[in-house]
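User: I would like a close look at one part of this model, with its salt bridges and its surroundings explained carefully for someone who works at the bench.

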Amino acid sequence: QGFGDTIQFIRFAPRVKALGGRVMLECQPELLRLMRSAAGLDELVVRDTPEAEAMLRQADLVCPLASLPGVFAASLSEPPSEVPYLSPPPGGGGKFAPLLARARGRLKVGIVWSGSITFAANANRSAGIAPYLPLAGIPGLQLFGLQKGPRLDELKALGTDSLIIDASHLLDDFADTAALIQELDLVLMTDSAVAHLTGALGRPVWVMLMHHPDWRWLRDRTDCPWYPSARLFRQKSPRDWDQVFAEVAAELTRLAAPYAARPR
């Protein structure tokens with residue numbers, strides 16, 4: 001399970017708790033602070049630690065998070081849970097104020113241009129940073145980079161810091177990312193964990209999907225039953241990101257127009 005799986009399926013924890021007993025979660029260290037906001041949990045431990053091993057020895061039952069939709073027979077006719085079901089720690093957004101002030105009244109859009117490079121299909125599901133650069137020229141819009149990991153180097157290598165404001169140095173874990181997302185108007189990205197995070201927070205997110213996306217995004221629809229605040233943009237043919245970004249650019253231009261008209 002990756003970060004996105006944990007974020008997506010922790011929504012079922014209250015249903016587990018409702019069956020009785022003490023509910024313990026083993027999660028990635030980068031998610032620990034964020035998971036403290038999830039309902040239905042009695043204890044959290046970091047994955048692959050002595051504390052986690054001790055917890056597993058105590059457990060009467062163990063179930064992977066990604067198996068919970070099957071356990072509870074989740075269906076499209078019944079929303080999986082109330083949204084939002086995660087939130088950042090209180091007061092976490094204050095440190096972003098100087099960074100956000102650089103938008104100077106423009107529409108604040110966070111972007112992520114790659115998922116985890118260890119994911120086998122990442123080369124197909126991620127577009128890289130280059131297609132985002134023309135979006136930075138849309139009047140009334142300011143892009144903020146939420147990218148972490150090795151692909152962050154693309155931003156520095158292209159020298160695009162003046163077009164895309166890099167927030168990575170302020171993002172120590174997913175709780176920090178959640179706090180920043182709360183302050184943004186929109187998050188725009190290809191499929192990765194931050195898409196699930198933004199949806200779980202109930203914040204607007206536009207997800208750009210490859211021609212044959214992961215099963216959870218379903219097919220032939222622009223909405224997402226998992227995340228009511230999500231809008232999906234799909235490739236009409238394999239590897240054709242140009243068509244997707246053209247649609248996104250048109251929609252962003254419309255959305256940013258009122259911001260462009262404001263005096264600054």
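In which helix do Glu251 and Arg254 both lie, and how many residues apart are they?

Analyst: Glu251 and Arg254 both lie in helix α11, and they are three residues apart, about one turn of the helix. An α-helix has 3.6 residues a turn, so residues three or four places apart point the same way. The side chains of Glu251 and Arg254 meet in a salt bridge with an N to O distance of 3.2 Å, a salt bridge being a side-chain nitrogen of Lys or Arg within 4 Å of a carboxyl oxygen of Asp or Glu. Helices (H or I, at least four residues) and strands (E, at least two) are taken here as DSSP runs, numbered from the N terminus.

Before going further, please note that this is a predicted model, in which local features need pLDDT of at least 70 and side-chain atom pairs count only at pLDDT 80 or more, while totals for chains, interfaces and linings use all residues. Residues are numbered from 1 along each chain as its sequence is written, and side-chain values use heavy atoms, with hydrogens and water left out.

Helix α11 takes part in another salt bridge, in which the side chains of Glu247 and Lys236 meet at 2.8 Å, N to O. Glu247 lies in helix α11 (residues 241-260) and Lys236 in the loop between β8 (230-234) and α11, so this pair ties together parts that are eleven residues apart in sequence. Glu247 is partly exposed, at 27% relative accessible area, whereas Lys236 counts as exposed at 60%; buried means under 20% relative accessible area, exposed over 50%, and partly exposed in between, with a 1.4 Å probe and protein chains only.

In total, the count comes to twelve salt bridges by this rule. One of them joins the side chains of Asp173 and Arg33, again at 2.8 Å from N to O. That pair links distant parts of the chain, since Asp173 is in the loop between β5 (164-166) and α9 while Arg33 is in helix α3, 140 residues apart. Asp173 counts as buried because its relative accessibility is 14%, and Arg33 counts as partly exposed at 32%. Both residues belong to a network of salt bridges that links Arg33, Lys95, Asp173 and Asp176.

Helices α3 and α9 also appear around another helix, α10 (residues 193-200), which is mostly covered, with eight of its eight residues buried. The buried residues of α10 pack against α1 (3-9), α3 (32-35), β3 (107-112), α9 (174-181), β6 (186-190) and β7 (205-209), where a contact means heavy atoms within 4.5 Å. Just after α10, Gly202 takes a positive phi of about 75°.

Gln142, in strand β4 (residues 141-145), is buried as well, with a relative accessible area of 6%. If residues up to four places away in sequence are not counted, Gln142 touches Ala103, Arg106, Leu107, Lys108, Val109, Leu163, Ile164 and Ile165.

Leu76, by contrast, is exposed, with a relative accessible area of 55%, and has its place in the loop between α5 (68-71) and α6 (97-101). With residues up to four places away in sequence left out, Leu76 touches Leu218, Arg221 and Pro225. Leu218, one of these contacts, is found in the loop between β7 and β8 and counts as partly exposed at 24% relative accessibility.

Some details of the backbone deserve attention too. Most residues other than glycine have a negative phi, and most peptide bonds are trans. The phi of Leu218, however, is near 55°, a positive value in a residue other than glycine. Asp48, which is not a glycine either, has a positive phi of about 60°; Asp48 lies in the loop between β2 (43-46) and α4 (50-58) and is exposed, at 68% relative accessible area. A cis peptide bond, with omega about 5°, joins Val83 and Pro84, and Pro84 is placed in the loop between α5 and α6.

As for the protein as a whole, its secondary structure comes to eleven helices and eight strands, and 47% of its 264 residues count as buried. Among the contacts with a separation of 6 or more, 64% are between residues 24 or more positions apart.
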